[in-house]
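User: I would like to go through this model and see what backs each label. Please set the values against the cut-offs as we go.

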Amino acid sequence: MSAEPFLSSVIEIGIGMAGFAGIIAAIRQRDVSSWDPHDRVLLQMLFTASAAAILFSLLPTLLAEGGLATATTWRVGSLVLVAWFIGAPAYRFYQARQPGVRFVIARGIMAMLVPILVLQIANLFLGASWPYLVGVTAILVNGFVTFIALLFSERVNATTT
């Protein structure tokens with residue numbers, strides 16, 4: 001399987017996750033602005049993971065269309081992923097300091113962060129597609145874990161019963 005069909009599938013999955021996030025928001029009986037701050041952050045994380053998966057899946061095509069060599073495309077993509085995997089958790093740490101918000105990144109995702117970062121940094125020298133695809137898959141996994149956390153949130157169950 002080449003990278004293009006894989007990335008196309010990631011786009012479809014990302015759109016699906018965003019759609020399910022919309023369903024969760026719609027089935028709640030209150031306006032999103034009245035949600036518990038923690039659940040609002042989870043919803044934001046779900047939409048962000050969906051959008052990031054889609055954008056990172058489109059990035060190699062945009063870079064290739066810009067005339068970059070294949071290896072350079074994957075190197076640049078991995079460099080952008082390094083920035084993402086450093087910046088996103090840093091922003092989540094900042095959010096966790098707000099009233100009513102707990103740290104919302106699952107321990108398993110945090111454990112994956114270092115190997116994913118090492119892999120992306122190594123890809124700055126390798127210039128291969130597979131490390132980049134692993135990074136994009138990690139974004140999807142984060143989105144799915146966030147979806148599960150939001151779906152089975154105690155507050156969700158308390159408001160719908």
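User: Which residue just after H2 takes a positive phi?

Analyst: Gly67 does, with a phi of about 95 degrees. Bear in mind that this is a predicted model.

User: What is the overall make-up of the chain in helices and strands?

Analyst: The chain holds 6 helices and 0 strands. From the N terminus on, the order reads α-α-α-α-α-α. Of the 161 residues, 39% are buried. The accessible surface is about 8,600 Å², and carbon and sulfur atoms hold 70% of that area.

User: How do you know that the span of H2 agrees with its number of residues?

Analyst: H2 has 29 residues, and the rise is 1.5 Å a residue, so the expected span is 42 Å. The end C-alpha atoms lie 41 Å apart, which agrees.

User: Where in H2 is there a kink?

Analyst: The kink lies at Leu59, shortly before the proline Pro60. Its angle is about 30 degrees, taken between axes fitted to the seven residues ending at Leu59 and the seven starting there.

User: Why is Ser57 called buried?

Analyst: Buried means under 20% relative accessible area. Ser57 has 2%, so Ser57 counts as buried. This serine is found in helix H2, residues 37-65. Leaving aside neighbours within four places in sequence, Ser57 is in contact with Leu7, Val10, Ile11 and Val136.

User: Why is Ile13 called partly exposed?

Analyst: The class lies between the 20% limit for buried and the 50% limit for exposed. Ile13 has a relative accessible area of 43%, so the label is partly exposed. Ile13 is in helix H1, residues 3-27. Its C-alpha is 8.6 Å from that of Ile54, and the two are 41 residues apart in sequence.

User: How many aromatic pairs does a search of the whole structure find?

Analyst: The search finds 3 aromatic pairs.

User: What makes the pair of Trp74 and Tyr132 tilted?

Analyst: Two values decide. The ring centres are 5.5 Å apart, and pairing needs them within 6.5 Å, so Trp74 and Tyr132 pair. The planes stand at 50 degrees. Stacked needs under 30 degrees and edge-to-face over 60. The angle fits neither, so the pair is tilted.

User: What parts of the chain does this pair link?

Analyst: The pair links distant parts: Trp74 is in helix H3, residues 70-96, and Tyr132 is in helix H5, residues 129-151. They are 58 residues apart. Both Trp74 and Tyr132 are buried.

User: What share of the contacts with a separation of 6 or more comes from residues 24 or more positions apart?

Analyst: Such residues account for 75% of those contacts.

Note on methods:
Residues numbered from 1 in each chain as written. Predicted model: local features only at pLDDT ≥ 70, side-chain atom pairs only at ≥ 80, totals over all residues. Heavy atoms only, no water. Phe/Tyr/Trp six-rings, centres within 6.5 Å; stacked < 30°, edge-to-face > 60°. Helix = DSSP H or I, 4+ residues; strand = E, 2+ residues; numbered from the N terminus. Buried < 20%, exposed > 50% of the residue type's maximum accessible area, 1.4 Å probe, protein only. Contact = heavy atoms within 4.5 Å. Areas by Shrake-Rupley, 256 points an atom, 1.4 Å probe, with all protein chains shown as cover. Expected span 1.5 Å × (residues − 1).
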